[in-house]
Amino acid sequence: MAEQARVKTLRIQPRAMALPPDELAECARTAVNEALADLRSAMPSDAGPGVDPAAALEYLNQVQVEGLRTLELVTGALEQAMAQIRQTAAAHGTPAPHGLHRIVEEVQQTLAAVSRPPQEAPDDLEGTAEAAQGRVRAVAEPGGRIRSLTVQARAMRSPSQELAEHIVTAVNNALDDLQAKTRRETGIVEIDQRRLDELRESAMRQSAEFMRSVSDMINSIQPR
C-alpha cells in the first residue's frame, strides 16, 4: 500500500520466504511500483486547471509593491497634514512604518527565489538507501519508481513481516533521497512556511504599532 509517494505497508507471506532472495526482491519491487503507480492514477485529474506558480508569484509581488506604495502615500499625506496642524497646535510624534519596508523586501526576495524556473534533472539521477545493516538496499529513479531492490541471503533469516518492514524502510528512504537530490539538482526552492508566518506576524505587529503611533499623535494635539 502506498500513500503520498511513500510505501505505507508491505506484506510478505511466510511461504514466500522459501523463494531465492533475488526472486523475492523482484516480487517486492514489482508490488511496490504497482502500489506507487496506483496511487498516482488515483490522484484527481479532473480538478480543473491548476494555479500557475509564476503568475501567482507575479500577482503577489504586485500586491506587495502596491501595498508599499500606498503606505508611502498615506505616510506622506499624514506628514503634510501634521505640518499644517503644527502651525496652530502642538503635537508630538511622527508616525512612520518602521520595519515594514524590510519585511516587504524579504517577502519579495522569497518570491523571487521561488519563481526561478527549475532546471532539468539528470536522467541518471537516483536515490539510494539501505536497511537491516545493509542487507536490504533500494534504488529509486525519476518518476518515483524503484529501479532495483536487493535483498541479501542473510536478510532471509528474519521473519517475513520484519523483512517487509526493512524493505519499506529502504524504499521510503530511497524515495526521500531521490526527492532531496532532485531539488538540489534542479534548483527548486521551497517556501519556508514557518518564516512566512513569522513575517506575517511581524507585519501585523508593525502595522498595529504604526496605527497606535498615529492615534497617540492625534491625541497629543493641543491648541496653542
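Here is a chat between a trainee and a mentor about a predicted model.

Trainee: Let's start with burial. Why is R29 called buried?

Mentor: Buried means under 20% relative accessible area. R29 has 17% relative accessibility, so it counts as buried.

Trainee: And its partner E26, why is that called partly exposed?

Mentor: Partly exposed covers what lies between under 20% and over 50%. E26 has a relative accessible area of 37%, so it is partly exposed.

Trainee: What makes the contact of R29 with E26 a salt bridge?

Mentor: The cut-off is a side-chain nitrogen of Lys or Arg within 4 Å of a carboxyl oxygen of Asp or Glu. For R29 and E26 the closest N and O atoms are 2.7 Å apart, so the pair meets that definition. Both residues lie in helix 1, 3 residues apart, which is about one turn of the helix.

Trainee: What about D176 and R6, what makes theirs a salt bridge?

Mentor: Same reasoning. Their side chains meet at 2.6 Å, N to O, and the limit is 4 Å, so the name fits. D176 sits in helix 4 and R6 in strand 2, so the pair ties together parts that are 170 residues apart in sequence.

Trainee: Why do D176 and R6 count as partly exposed?

Mentor: D176 has 32% relative accessibility and R6 has 33%. Partly exposed runs between the 20% and 50% limits, so both get that label.

Trainee: How many salt bridges does a search of the whole structure find?

Mentor: The search finds 7. One of them joins R147 to E141, with the closest N and O atoms 3.1 Å apart. Salt bridges that share partners join E126, E141, R145 and R147 into one network.

Trainee: On to the strands. How do you know that strand 4 and strand 5 pair?

Mentor: Pairing needs at least two bridges. Strand 4 and strand 5 have 5 bridges, in the antiparallel sense, so they qualify. In one of these, T128 has V139 in strand 5 as its bridge partner.

Trainee: And what makes strand 5 and strand 6 a pair?

Mentor: They share 6 bridges, again antiparallel, and at least two are needed, so that's a pair too. A138 has L149 in strand 6 as its bridge partner.

Trainee: Why is strand 5 called largely enclosed by the rest of the structure?

Mentor: Because 5 of its 6 residues are buried.

Trainee: Which residues touch the most other members of the largest nonpolar core?

Mentor: V136, L149, L163, I167 and V171, out of 30 residues in that core. Helix 4 supplies the largest share, 9 residues.

Key. Residues are numbered from 1 along each chain as its sequence is written. This is a predicted model: local features need pLDDT of at least 70, side-chain atom pairs count only at pLDDT 80 or more; totals for chains, interfaces and linings use all residues. Side-chain values use heavy atoms; hydrogens and water are left out. A nonpolar core is a set of buried Ala, Val, Leu, Ile, Met, Phe, Trp, Tyr and Cys residues joined through side-chain atoms within 4.5 Å. Buried means under 20% relative accessible area, exposed over 50%, partly exposed in between (1.4 Å probe, protein chains only). Helices (H or I, at least four residues) and strands (E, at least two) are DSSP runs, numbered from the N terminus.
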